[in-house]
Amino acid sequence: DEMSIEKKKESNFYHSLWENWKVCQNPSPEGTCLPQEFTPHVNWQGNENIERVIVIGDVHGCLEELKMLLSETSFNPEKDSVVFLGDLVNKGPDSVGVLEYVQSINAQSVRGNHDDKVLFATIKRRILLEKLNKKDITNKERDDIMSKLKGTKKFIWTDKLTKGQITWLNELPLTISLPEKFSPHNNTKTVLLVHAGLVPDVPVHEQKIEDMLCMRDVEQKDQSWKALERKGKNSKAWANVWKGPHHI
């Protein structure tokens, strides 16, 4: 029947994402789930009526605070475009509400490491729950699945995410390039938005995914820069040594 067909389609969707994740696992421990036709670096999408781009950092599931912030900016959806710097979800009380709202205002976003973590946990939970509901499951298999589900307990809220929201998260790019008219203070450099940062002297298309999602500092090794997730003994904030060619 139609219900069975839809369930099968949904099951195939999550298994396809899971296979993609396994392919992309190296070198980060959890990996990054990327669509097969993934565009890592995209241009801002907006019409000529947009007069202002509002860029907002980590929202982390705080919907009410996000609405208050936009109210402070006198946000006008007819003239303003909102672009987020990733980490829309996790930690806060209403990640699902944040995604609903962000999509309702046609906002854009780059990918953050917490968006990745949520995707990983969501797909894992859906596949485990599907296995749990099989009729021919053994007691040992059930216990094993329950143990694995326990490890994703803090992501139980992801069970409320719709397929559309998961697809939207999964397709988030790594960088968004803004048109020159939105460059701050008459800066002639192209504005590039990214979640964590970029390694100096490395072309954008050669930057590592895990660096763009997680880096904080850089340290110099053999006359080149290496990204660090945590501050090192001789490390520097990547922004302090960034010289371009983009305004990040």
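This is a tutorial dialogue on reading one predicted protein model.

Student: What should I know before I start?

Tutor: The model is predicted, so local features need pLDDT of at least 70 and side-chain atom pairs count only at pLDDT 80 or more, while totals for chains, interfaces and linings use all residues. Residues are numbered from 1 along each chain as its sequence is written, and side-chain values use heavy atoms, with hydrogens and water left out.

Student: How many helices and strands does the chain have?

Tutor: Helices (H or I, at least four residues) and strands (E, at least two) are DSSP runs, numbered from the N terminus. Here the chain has eight helices and nine strands.

Student: What percentage of the 248 residues counts as buried?

Tutor: Buried means under 20% relative accessible area, exposed means over 50%, and partly exposed lies in between (1.4 Å probe, protein chains only). Of the chain's 248 residues, 46% are buried.

Student: And what is the accessible surface of the chain?

Tutor: Accessible areas come from the Shrake-Rupley method with a 1.4 Å probe, and for residues only the protein chains shown count as cover. For this chain the total is about 14900 Å², with 48% of that belonging to carbon and sulfur atoms.

Student: How do I read contacts?

Tutor: A contact means heavy atoms within 4.5 Å. Among the chain's contacts with a separation of 6 or more, 68% are between residues 24 or more positions apart.

Student: Why is helix α3 described as largely enclosed?

Tutor: Helix α3 covers residues 95–104, and seven of its 10 residues are buried, so the rest of the structure largely encloses it. The buried ones are Ser-95, Val-96, Gly-97, Val-98, Leu-99, Tyr-101 and Val-102. Their cover includes α2, β3 (80–84) and α6 (163–170). After α3 comes Asn-106, which has a positive phi, near 55°.

Student: Let's try a single residue. Is Arg-125 buried or exposed?

Tutor: Arg-125 is buried, because its relative accessible area is 5%. You'll find Arg-125 in helix α4 (residues 113–132). Leave aside neighbours within four places in sequence, and Arg-125 is in contact with Leu-149, Thr-152, Phe-155, Ile-156, Thr-158 and Asp-159.

Student: Lys-131 is in helix α4 too. What does Lys-131 touch?

Tutor: Not counting residues up to four places away in sequence, Lys-131 touches Ile-137 and Ile-145. With a relative accessible area of 39%, Lys-131 is partly exposed. The C-alpha atoms of Lys-131 and Glu-141 are 8.9 Å apart, and these two residues are 10 apart along the chain.

Student: How many salt bridges are there?

Tutor: A salt bridge is a side-chain nitrogen of Lys or Arg within 4 Å of a carboxyl oxygen of Asp or Glu. By this rule there are six. One of them joins the side chains of Arg-52 and Asp-80, at 2.8 Å from N to O. That pair links distant parts of the chain: Arg-52 is in strand β2 (residues 52–56) and Asp-80 in strand β3, 28 residues apart. Arg-52 is partly exposed at 32% relative accessible area, whereas Asp-80 is buried at 8%.

Student: Which salt bridge lies within helix α5?

Tutor: Here's the general idea: an α-helix has 3.6 residues a turn, so residues three or four places apart point the same way. In this structure, Lys-148 forms a salt bridge with Asp-144, with the closest N and O atoms 3.5 Å apart. Both lie in helix α5 (residues 139–150), four residues apart, which is about one turn of the helix. Lys-148 is partly exposed at 41%, and Asp-144 is partly exposed at 38%.

Student: What about Lys-221 and Glu-219?

Tutor: Their side chains meet in a salt bridge, 3.6 Å from N to O. Lys-221 counts as partly exposed at 42% relative accessibility, while Glu-219 counts as buried at 17%.

Student: Last one: how do I read charged patches?

Tutor: Patches are made of residues with over 30% relative accessible area and no salt bridge; like charges are joined within 9 Å, and nonpolar side chains (Val, Leu, Ile, Met, Phe, Trp, Tyr) within 5 Å. Lys and Arg count as positive and Asp and Glu as negative, while His and the chain ends are not counted. The place of a charge is NZ of Lys, CZ of Arg, CG of Asp or CD of Glu.

Student: Which residues form the positive surface patch?

Tutor: Lys-91, Lys-117, Lys-154, Arg-216 and Arg-230 form that patch. Arg-216 sits in the loop between α7 (209–214) and β7 (217–221), and Arg-216 counts as exposed at 59% relative accessibility.

Student: And which residues gather in the patch of negative charge?

Tutor: On the surface, Glu-64, Glu-65, Asp-94 and Glu-100 gather in a negative patch. Glu-64 is in helix α2 (residues 63–72).
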